[in-house]
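Biologist: Could you take one part of this model and walk me through it slowly, starting from its aromatic rings and then moving outwards to whatever surrounds them? I would like a connected account that a first-year student can follow.

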Amino acid sequence: MAAEPAGAGGLRAPVPGRCGYFVERKKRFCRMIPAQGRRFCGEHGHQEEENDRKRIPCPLDPKHTVYEDQLQKHLKKCNSREKPKPAYFVKDINAGLKDATEILDEQQLPISSLSKEELEDLIKKLKKASNGIKPILKDQMLSHQALQEALNDPKNGESAFKHLKQQASILGNMEKLHLLGPGRCFIEFGAGRGKLSHWVDIALQDAENVHFLLVERATTRFKVDGKHRKRAYIFERLQVDIQHLCLNKVPILEKEKLPVVGIGKHLCGAATDLALRCLVESYSTQYDERNEEPSPKRFKNDKTDIAFNNSADERSGKNVSENWKPVAGIVIALCCHHRCQWKHYVGREFFRTVGLGPVEFNYFQRMTSWATCGMRETITEASTVDAKSKDQSNDTEEHDQVHNRIECSSDSLQGQLTVEERKQIGRLCKFLIDQGRIKYLQQRGYNAALQYYTDSSVSLENVLLTAVPSQSSVPQPTA
């Protein structure tokens, strides 16, 4: 966008062909394009001297205005109007509020308000609860051939390259768990532009009977959905909060008994807990109740019956028992632990077993930001990059660093702990919260694990949560 040229007295004039209204809040002229022969755009048309029509703030969203005599017409099409809820919207189905006996008041004291003795006692509780738990994760920094061409493309800038490396590793881990195959429905939580699903589709190479559901509560620009509209399978976007998503009422899952694979890249804070509950509790439990003896899904062109699960028989085509798991696997890159909430957290039972509760959780989730706030040199360097090259991929998934910086500054301890001590404690807090998620999945018949899926130089949030049905819960092949 061209800058407004300077006028007399140092004041800037509007860009030619743009609205002449000066937006005081933004300290610049409006950049909307007015109608031919007009000086102002439709939003600021009331500034026209010859225009006696009155504009009023929209009652649904006062951030924009509307002509008073067209108010009723506008209310029917305003983007801020309450839209009809889809069939799969079930309020708070994944919120986990039924067994949340202790719900903290939203207004919590910051860590900086703790005395030195209180902070030391809190850290002792953290270390005691972590005893016997190995905080060392395996390196599973893999790649996938589907992204090799993009990774080697010099046109991709540094930011795009980092995202591609993460996506390649996620696909590599999915392939290692045998989750990239036909006869599945891939559900991407916090989908954003849908790039992860896009690469999964490329990796599958037109496999049969594969569908994609992209869950995102916000309206997203620059989506990749358009690249998949003419394909034979479903590539559908569900604009709904994960908290209210009932997968059993999604038409494609009602129609076809396909096992689902839950995926996500940088699924923020409580969204991870909501997604886990959506898959493991809401979907699996209701599916089992609705289908006491579900029949296996079959390929149209196969002569043998194939039940889709994670065993080697799926790939070899051998017959297996009909009691297959509705959730074939979960692969989620974790993010923003400081935005977790006790009322949604799936590991509440684990916290209680180690003598912790909502008060400790509140402080621990804040302290998780310490794991990355020590990287001040990296953050400072990144902030000096020119805006034009800063966001070449137009992604917003590095928001975790911004949020972590905010938490770090708001919970400064005025030198009570060194940077290295804060980083170690922050990592331990993150690991403890993630351990609660692992225990939650294990109790529900899944082999769950945490691993580093990319280097910290690529992303400071570099832990991947994976889960597949355990062997005891996966049907064995029949003779």
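Modeller:
**The aromatic cluster and its surroundings**

Trp342, Tyr345, Phe350, Phe351, Phe361 and Phe364 are linked into a cluster by ring pairs. Before going further, please keep in mind that this is a predicted model, and that what follows is computed from its atoms. The count of aromatic pairs comes to eleven. In the pair formed by Trp342 and Tyr345, the ring centres are 6.5 Å apart and the planes meet at 40 degrees, so this pair is tilted. Trp342 and Tyr345 are both buried. Trp342 also pairs with Phe351, and here the centres are 6.1 Å apart while the planes stand at 65 degrees, so the pair is edge-to-face. Phe351, like Trp342, is buried. It helps to remember that a pair of aromatic rings is described by two values, the distance of the centres and the angle of the planes.

Two members of the cluster, Phe361 and Phe364, are among the buried residues of helix 10. This helix covers residues 358-367 and is mostly covered, since nine of its ten residues are buried. The buried residues of helix 10 also include Pro358, Glu360, Asn362, Gln365 and Arg366, as well as Met367.

From the cluster we can step across to helix 15, where Leu432 is placed. Leaving aside neighbours within four places in sequence, Leu432 is in contact with Tyr345, Phe350, Phe351 and Phe364, and its list of contacts also includes Leu126, Ala129, Ser130, Ile133 and Leu356. Leu432 is buried because its relative accessible area is 0%, and the cut-off for buried is under 20%. The C-alpha atom of Leu432 is separated by 9.7 Å from that of Lys127, although these two residues are 305 places apart along the chain.

Helix 15 runs over residues 419-443, and Asp434 lies in it as well. Asp434 has 4% relative accessibility and therefore counts as buried. If residues up to four places away in sequence are not counted, Asp434 touches Leu334, His337, Leu450 and Val463. As for the length of helix 15, its 25 residues should span 36 Å at 1.5 Å a residue, and the C-alpha atoms at its ends are indeed 36 Å apart, so the two values agree. An α-helix has 3.6 residues a turn, so residues three or four places apart point the same way.

Just after helix 15 comes Gly445, which takes a positive phi of about 85 degrees. Strand 11 then covers residues 446-452, and Ala448 has its place there. Ala448 is buried, because its relative accessible area of 14% falls under the 20% cut-off. Ala448 is in contact with Ile438, Leu441 and Gln442, and also with Thr466 and Ala467, when neighbours within four places in sequence are left aside. The C-alpha atoms of Ala448 and Arg437 are separated by 8.8 Å, with their positions eleven residues apart along the chain.

Leu441, one of the contacts of Ala448, leads us to the nonpolar interior. The largest nonpolar core has 67 residues, and those with the most contacts inside it are Phe189, Leu245, Leu253, Ile330, Phe351, Met367 and Leu441. Helix 15 gives the largest share of this core, nine residues. Phe351, which we met in the aromatic cluster, and Met367, which we met among the buried residues of helix 10, are thus both on the list of residues with the most contacts in the core. Phe189 touches Val215, Ile242, Leu245, Gly262, Ile263, Gly264, Leu267, Ala275, Cys278 and Leu279, again not counting residues up to four places away in sequence. There is also a second, separate core of 30 residues, which includes Leu164, Ala203, Val261 and Ala333. In soluble globular proteins, nonpolar side chains tend to be buried together.

Finally, we can set this part within the whole chain. The protein chain has 15 helices and twelve strands, and buried residues make up 50% of its 479 residues. Among contacts between residues at least 6 apart in sequence, 70% join residues that are at least 24 apart. The accessible surface of the protein chain comes to about 25,500 Å², and 49% of that surface belongs to carbon and sulfur atoms.

Key:
Residues are numbered from 1 along each chain as its sequence is written. This is a predicted model: local features need pLDDT of at least 70, side-chain atom pairs count only at pLDDT 80 or more; totals for chains, interfaces and linings use all residues. Side-chain values use heavy atoms; hydrogens and water are left out. Helices (H or I, at least four residues) and strands (E, at least two) are DSSP runs, numbered from the N terminus. Buried means under 20% relative accessible area, exposed over 50%, partly exposed in between (1.4 Å probe, protein chains only). Contact means heavy atoms within 4.5 Å. Accessible areas come from the Shrake-Rupley method with a 1.4 Å probe; for residues, only the protein chains shown count as cover. The expected span of a helix is 1.5 Å times one less than its number of residues. A nonpolar core is a set of buried Ala, Val, Leu, Ile, Met, Phe, Trp, Tyr and Cys residues joined through side-chain atoms within 4.5 Å. Rings of Phe, Tyr and Trp (its six-membered ring) pair if their centres lie within 6.5 Å; planes under 30 degrees apart count as stacked, over 60 as edge-to-face and the rest as tilted.
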